[in-house]
Amino acid sequence: MNTKRLSDAMEKALSDQMNVELFQSHIYLSYGIWADDQSYGGIANFLFRHSKEERDHAIKFMQFILNRGGKPNITALQAADRDPSSLKECFDLVFKHEVENTEKIYNLVNMAFEEKDWATWNFLQWFVKEQIEEETLAMELIDKLKIAGGDQATDESLYNLDKDLGSSPDDAELARNATSENP
């Protein structure tokens, strides 16, 4: 008896998104390494924590596919294009990646709606909410750097920004702890 509760197309699309989340984790890890190399240890720590959160998102997709009787497919990760040239570019790239990821989530939601796959549609609502938080976080990074002086920021303001981001609470909910009552 076939117990798979996902269409082949949906199974592939969810697997693809799982790999996008892994790539996002890879990108944040790469940017964290760059930040650490630039002596921004606090920002590096912030980006490393965010890398873990993105990996948790990938695991959430993997677990959902398995729970629906499918088999996730892991693909090779590409390398980050290049290191950012500045903190401004780093934060702008973080925002760009989050906006692109939001569009991918929306495409999945549309696909689930078109297929009338309400279980997947419901599952994806957690990610819709999450992407609002992710984009807001990225915009806040850009705003904090602007307040610090942007490309003309003083060493002191960059030091304070690095210290602030390094000590910010890691209050992001783990994907594995989310429920329909507490997304």
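**Exercise 1. Decide whether S39 is buried or exposed, and place it in the fold.**

Solution. Start with the number: S39 has a relative accessibility of 62%, so it counts as exposed, given that the cut-off for exposed is over 50%. Keep in mind that this is a predicted model. Next, find the residue along the chain: S39 sits in the loop between α1 and α2. Last, check its backbone: phi of S39 is near 75°, a positive value in a residue other than glycine.

**Exercise 2. Run the checks of loop, accessibility and phi on K116.**

Solution. First the location: K116 belongs to the loop between α3 and α4. Then the surface: with a relative accessible area of 60%, K116 is exposed. Finally the backbone: phi here is near 55°, which is again positive in a residue other than glycine.

**Exercise 3. Sketch the overall architecture and say which stretch to treat with care.**

Solution. Count the elements: the protein has five helices and zero strands. Reading along the sequence gives the pattern α-α-α-α-α. For the dimensions, the C-alpha atoms fill a box of roughly 65 × 35 × 25 Å along the principal axes. Of the 183 residues, 46% count as buried. About 10,300 Å² of the protein is exposed, and carbon and sulfur atoms supply 53% of that. Now look at how the chain comes together: among contacts between residues at least 6 apart in sequence, 81% join residues at least 24 apart.

Then check confidence. The mean pLDDT is 92, and 92% of the residues reach 70 or more. Residues 172-176 are the ones to watch, with pLDDT below 50. Beyond near neighbours in sequence, that stretch has nine contacts in the model. Where pLDDT is low, the predicted coordinates should not be read in detail.

**Exercise 4. Work out which elements build the largest nonpolar core, and who surrounds L47.**

Solution. Begin with the core itself: the largest one holds 26 residues, and those with the most contacts inside it are I43, L47, L87 and F91. The elements giving two or more residues to this core are α1 (8-37), α2 (41-67), α3 (87-115), α4 (118-148) and α5 (155-167). Which of them gives the largest share? That is α1, with six residues.

Now zoom in on L47. Setting aside neighbours within four places in sequence, L47 is in contact with Y28, Y31, G32, A35, C90 and V94. There is also a second, separate core of 20 residues, which includes F64, I105, L108 and F127. As background, nonpolar side chains in soluble globular proteins tend to be buried together.

**Exercise 5. Classify the ring pair formed by W126 and F127, and find out what sits around it.**

Solution. A search of the whole structure finds six aromatic pairs. For the pair W126 and F127, the ring centres are 4.8 Å apart and the planes meet at 80°, so the pair is edge-to-face; the cut-off for that class is over 60 degrees.

Step out from the pair: ring pairs link F61, F64, F123, W126 and F127 into a cluster. There is a charge here too, as the charged end of K60 sits over the ring of W126, 4.7 Å from its centre.

Are the two rings on buried or exposed residues? W126 is buried at 8% relative accessible area, and F127 is buried at 0%. The cut-off for buried is under 20%.

**Exercise 6. Compile the surroundings of F61 and F127.**

Solution. Take F61 first. This residue is found in helix α2, and its relative accessible area of 0% makes it buried. Not counting residues up to four places away in sequence, F61 touches L14, Q17, M18, E21, I105, L108, F123, L124 and F127. For a sense of scale, F61 and K146 are 85 residues apart along the chain, and their C-alpha atoms are separated by 35 Å.

Now F127, which is found in helix α4. Leaving out neighbours within four places in sequence, F127 is in contact with H57, K60, F61 and I105. Measuring across the model, F127 and G70 are 20 Å apart, C-alpha to C-alpha, with their positions 57 residues apart in sequence numbering.

Terms used:
Residues are numbered from 1 along each chain as its sequence is written. Side-chain values use heavy atoms; hydrogens and water are left out. A nonpolar core is a set of buried Ala, Val, Leu, Ile, Met, Phe, Trp, Tyr and Cys residues joined through side-chain atoms within 4.5 Å. Buried means under 20% relative accessible area, exposed over 50%, partly exposed in between (1.4 Å probe, protein chains only). Helices (H or I, at least four residues) and strands (E, at least two) are DSSP runs, numbered from the N terminus. Contact means heavy atoms within 4.5 Å. Rings of Phe, Tyr and Trp (its six-membered ring) pair if their centres lie within 6.5 Å; planes under 30 degrees apart count as stacked, over 60 as edge-to-face and the rest as tilted. A charge sits over a ring if NZ of Lys or CZ of Arg is within 6 Å of the ring centre and within 35 degrees of the ring normal. pLDDT is the predictor's confidence in each residue, from 0 to 100. Accessible areas come from the Shrake-Rupley method with a 1.4 Å probe; for residues, only the protein chains shown count as cover.
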